[in-house]
Amino acid sequence: MVSPTLSNIYLHEVLDQWFERDVKPRMRGRVFAIRYADDFVMGFEFEDDARRVMEVLPKRFARYGLGIHPEKTRLIDFRPPGKPGAEPPSFNFLGFTHHWDISRKGKPYVRRQTRKERLARALRSINKWCRINRHQSLPEQCRALARKLRGHYNYYGVIGNGRRLDEFRFKVICLWRKWLSRRSREKKLNWDKFNHVLDRFPLPRAKIVQSGNA
């Protein structure tokens with residue numbers, strides 16, 4: 001794809017080098033920036049540092065004929081919630097929702113889960129594929145759906161995201177059953193019969209393939 005390639009080349013000078021060369025030395029505390037194509041997140045130890053960069057960032061982009069997305073660009077106080085039951089801060093980045101959670105040892109950590117909108121989009125794609133390809137043989141459908149599930153696990157399979165992976169797999173199974181039931185005018189494929197199909201043509205279970213640390 002051309003757009004991500006051009007974004008990486010162009011924004012390397014506009015953002016990456018500028019952040020390392022001009023921003024970091026002027027900050028009071030620790031800072032970092034993570035960018036993929038034209039999406040990026042910056043972290044600051046002190047709020048006043050964040051506000052200083054937030055003020056100059058639109059000017060920096062404007063120098064190169066670029067603009068900041070008004071709805072996606074915002075300051076977030078991303079610290080662990082201080083009070084029990086308080087709504088934890090969160091933000092979306094690269095298909096994940098990042099938010100604070102408490103580990104089994106009682107310590108706060110940043111948890112990443114599949115963004116709900118991305119999950120819905122992936123299921124719409126699966127639904128369309130099942131509808132179009134419902135007349136293919138069961139082995140062919142199983143192989144294709146297994147590849148799609150593994151691709152999903154390879155990207156979203158991070159620690160703390162197991163429940164969303166299980167949800168995705170279950171809904172893929174439901175969609176497969178729905179469209180197999182519509183292959184003919186025969187009686188609807190009930191779960192007992194479909195479970196026999198799954199025994200012969202199983203779909204891969206959710207798998208954690210990487211750590212949960214950003």
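In which loop does Ala37 lie? The legends below treat this residue and other sites of a predicted model.

**Figure 1. Backbone of Ala37, in the loop between strand S1 (31-36) and S2.** The phi angle of Ala37 is near 55°, a positive value in a residue other than glycine. Most residues other than glycine have a negative phi. The relative accessible area of Ala37 is 11%, and the residue is therefore buried.

**Figure 2. Backbone of Leu94, in the loop between S3 and S4.** For Leu94, phi is near 55°, again a positive value in a residue other than glycine. Leu94 counts as partly exposed, at 28% relative accessibility.

**Figure 3. The aromatic pair of Phe40 and Phe61.** A search of the whole structure yields nine aromatic pairs. In the pair of Phe40 and Phe61, the ring centres are 6.1 Å apart and the planes lie at 35°, so the arrangement is tilted. Distant parts of the chain are linked by this pair: Phe40 belongs to strand S2 (residues 39-44) and Phe61 to helix H2 (residues 47-62), with their positions 21 residues apart in the numbering. Phe40 is partly exposed at 25% relative accessibility, whereas Phe61 is buried at 5%.

**Figure 4. The aromatic pair of Phe78 and Phe91, and the cluster with Trp100.** The ring centres of Phe78 and Phe91 are separated by 5.1 Å, and their planes stand at 75°; the pair is therefore edge-to-face, since angles over 60 degrees fall in that class. Phe78 comes from the loop between H2 and strand S3 (90-93), and Phe91 from strand S3. The two residues are 13 residues apart, and the pair links distant parts of the chain. With a relative accessible area of 22%, Phe78 is partly exposed; Phe91, with 16%, is buried. Together with Trp100, Phe78 and Phe91 form one aromatic cluster.

**Figure 5. Arginine side chains over aromatic rings, at Phe96 and Trp179.** Arg112 is placed over the face of Phe96, at 5.0 Å from the ring centre. At Trp179, the charged end of Arg182 sits over the ring, 4.8 Å from its centre.

**Figure 6. The contact of helix H3 (residues 116-132) with helix H4 (residues 138-156).** The two helix axes come within 12 Å and cross at roughly 170°. This crossing makes H3 roughly antiparallel to H4, because angles over 145 degrees are classed in that way. On the H3 side, the residues in contact are Arg118, Ala122, Ile126, Trp129 and Cys130. They meet Gln141, Ala144, Leu145, Lys148, His152 and Tyr156 in H4. By class, the contact comprises seven nonpolar, two polar and two charged residues.

**Figure 7. The surroundings of Asp101 in strand S4 (residues 96-102).** Asp101 is partly exposed, at 22% relative accessibility. Not counting residues up to four places away in sequence, Asp101 touches Lys107, Pro108, Tyr109 and Arg111. The C-alpha atoms of Asp101 and Pro81 are separated by 9.2 Å, and these residues are 20 residues apart along the chain.

**Figure 8. The surroundings of Leu75, in the loop between H2 and S3.** Leu75 has a relative accessible area of 41% and is partly exposed. Its contacts, leaving aside neighbours within four places in sequence, are with Ala50, Arg51 and Met54. Between the C-alpha atoms of Leu75 and Ile102 there are 23 Å, with 27 residues separating the two along the chain.

**Figure 9. The surroundings of Gln17 in helix H1 (residues 2-23).** At 32% relative accessibility, Gln17 is partly exposed. Gln17 touches His12 and Asp22, when residues up to four places away in sequence are not counted. The C-alpha atoms of Gln17 and Lys178 are 51 Å apart, and the two residues are 161 residues apart along the chain.

Definitions and conventions
Residues are numbered from 1 along each chain as its sequence is written. This is a predicted model: local features need pLDDT of at least 70, side-chain atom pairs count only at pLDDT 80 or more; totals for chains, interfaces and linings use all residues. Side-chain values use heavy atoms; hydrogens and water are left out. Rings of Phe, Tyr and Trp (its six-membered ring) pair if their centres lie within 6.5 Å; planes under 30 degrees apart count as stacked, over 60 as edge-to-face and the rest as tilted. Helices (H or I, at least four residues) and strands (E, at least two) are DSSP runs, numbered from the N terminus. Buried means under 20% relative accessible area, exposed over 50%, partly exposed in between (1.4 Å probe, protein chains only). A charge sits over a ring if NZ of Lys or CZ of Arg is within 6 Å of the ring centre and within 35 degrees of the ring normal. Axes are lines fitted to C-alpha atoms, for helices over the stretch in contact, and angles run from 0 to 180 degrees between N-to-C directions. Angles under 35 degrees count as roughly parallel, over 145 as roughly antiparallel, 65 to 115 as roughly perpendicular and the rest as oblique. Contact means heavy atoms within 4.5 Å. Ala, Val, Leu, Ile, Met, Phe, Trp, Tyr, Cys and Pro count as nonpolar, Asp, Glu, Lys and Arg as charged, and the others, Gly among them, as polar.
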